[in-house]
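This report goes through one chain, from a single residue to the sheet, the cores and the side-chain pairs. The sequence and the structure come first.

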Amino acid sequence: MSRVLVIGAGELGLPILQSLSHLASTFPPSARPTITLLIRPTTLSSPSPSKSREIAHLRDLGISFLAADIATAAAKDLASHFEDFDIVVSCTGFAAGPGTQLKLAHAVCEAGVGHYYPWQFGVDYDIIGPNAANGIFREQCEVRRFLRGQEKTKWTIVSTGMFTSFLFEPFFGVVEGLETAGSAHEVVVGAL
């Protein structure tokens, strides 16, 4: 039986959790993989009704929870959390902050996890290189270099192409008027 840990339940993590849950349900109970979500303690105990509904939905899917904060935890502490898992899938994205992706890769390898899927779902960082977009992807290239230099943990890169839904968020400032789309207001695209 495989023990799978998914880190992050956002735009990428939630569909992955749903798909893994569905896949796990096709196994006989004695061989069914376990799916666990690593989630911040504050999110798990959030009084927000929308967060409570999301957590309840994930519980209904048979997903367990591990409370930890990847932003504040040291790599050795994360490694102790990861030791119990055969597979770790990172779905954290840029929101995790600088240094987090490399810290996760080190923790996964230190823990002896059998297989790691690092957060590399966007562009192919080998092609664009560490200096593209003023170095914003440098850490992703460092993660690949680190993983290639070790032999303890198998790993797989999944490059799906750039996620661009963030362009439609009001804070990004590219698209205006989406919150009133469908009414008499117009949607304005400032740049793409």
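## Arginine 144 and its surroundings

Arginine 144 counts as buried because its relative accessibility is 2%, under the 20% cut-off. The model that gives this value is predicted. Arginine 144 is placed in helix 7, which runs over residues 138–148. Leaving aside neighbours within four places in sequence, the contacts of arginine 144 are Gln120, Val123, Asp124, Tyr125, Asp126, Ile157 and Ser159.

One of these contacts, Tyr125, also takes part in an aromatic pair with phenylalanine 137. The structure holds one such pair. The ring centres of tyrosine 125 and phenylalanine 137 are 5.4 Å apart and the planes make an angle of 45°, so the pair is classed as tilted. Tyrosine 125 belongs to helix 6 (residues 125–128), while phenylalanine 137 sits in the loop between helix 6 and helix 7, and the two are twelve residues apart. Both rings belong to buried residues: tyrosine 125 has a relative accessibility of 2%, and phenylalanine 137 has 8%.

## The chain as a whole

The chain has seven helices and eight strands. It consists of 192 residues, and 38% of them count as buried. The exposed area is about 10700 Å², with 57% of it supplied by carbon and sulfur atoms. Among contacts with a separation of 6 or more, 70% are between residues 24 or more positions apart.

## The sheet

Six strands make up an open sheet with parallel pairing, in the order 3-2-1-4-5-6. The edges are taken by strand 3 (64–67) and strand 6 (154–155); each has a single partner strand, so one side of each has no neighbour in the sheet. Strands of a sheet pair through backbone hydrogen bonds, in a parallel or an antiparallel sense. Strand 1 pairs with strand 2 (residues 34–39) in the parallel sense, over five bridges. Within this part of the sheet, arginine 3 has threonine 34 of strand 2 as its bridge partner.

## Nonpolar cores

Which residues of the largest nonpolar core touch the most other members? They are Leu5, Ile7, Leu38, Phe82 and Val88, in a core of 24 residues. Strand 1 (3–7), helix 4 (75–82), helix 5 (100–111) and helix 7 each give two or more residues to this core. Helix 5 gives the most, with seven residues. Apart from this core lies another, of 20 residues, including Val6, Leu58, Ile63 and Val89.

Two residues show the packing in detail. Isoleucine 7, not counting residues up to four places away in sequence, touches Leu38, Ile70, Phe82, Val88, Val89, Ser90, Cys91, Thr92 and Leu104. Leucine 104 lies in helix 5 and is buried, with a relative accessible area of 0%. With sequence neighbours up to four places away again left out, leucine 104 touches Ile7, Ile70, Leu78, Phe82, Ser90, Thr92 and Tyr116. The C-alpha atoms of leucine 104 and leucine 78 are separated by 7.5 Å, although these residues are 26 residues apart along the chain.

## Salt bridges

A search of the whole structure finds two salt bridges. They are listed below with the distance from N to O.

| Basic residue | Acidic residue | N to O distance |
|---|---|---|
| arginine 3 | aspartate 86 | 2.8 Å |
| lysine 76 | aspartate 77 | 3.5 Å |

The salt bridge between aspartate 86 and arginine 3 links distant parts of the chain, 83 residues apart. Aspartate 86 is in the loop between helix 4 and strand 4 (87–90), and arginine 3 is in strand 1. Arginine 3 thus has two partners from elsewhere in the chain: threonine 34 as a bridge partner in the sheet and aspartate 86 through its side chain.

Are the residues of these salt bridges buried or exposed? Aspartate 86 is partly exposed, at a relative accessible area of 25%, and arginine 3 is partly exposed too, at 33%. In the other salt bridge, lysine 76 is exposed because its relative accessible area is 56%, over the 50% cut-off. Its partner aspartate 77 is partly exposed, with 34%.

Note on methods. Residues are numbered from 1 along each chain as its sequence is written. This is a predicted model: local features need pLDDT of at least 70, side-chain atom pairs count only at pLDDT 80 or more; totals for chains, interfaces and linings use all residues. Side-chain values use heavy atoms; hydrogens and water are left out. Helices (H or I, at least four residues) and strands (E, at least two) are DSSP runs, numbered from the N terminus. Buried means under 20% relative accessible area, exposed over 50%, partly exposed in between (1.4 Å probe, protein chains only). Contact means heavy atoms within 4.5 Å. Accessible areas come from the Shrake-Rupley method with a 1.4 Å probe; for residues, only the protein chains shown count as cover. A nonpolar core is a set of buried Ala, Val, Leu, Ile, Met, Phe, Trp, Tyr and Cys residues joined through side-chain atoms within 4.5 Å. Rings of Phe, Tyr and Trp (its six-membered ring) pair if their centres lie within 6.5 Å; planes under 30 degrees apart count as stacked, over 60 as edge-to-face and the rest as tilted. A salt bridge is a side-chain nitrogen of Lys or Arg within 4 Å of a carboxyl oxygen of Asp or Glu. Two strands pair if DSSP finds at least two bridges between them.
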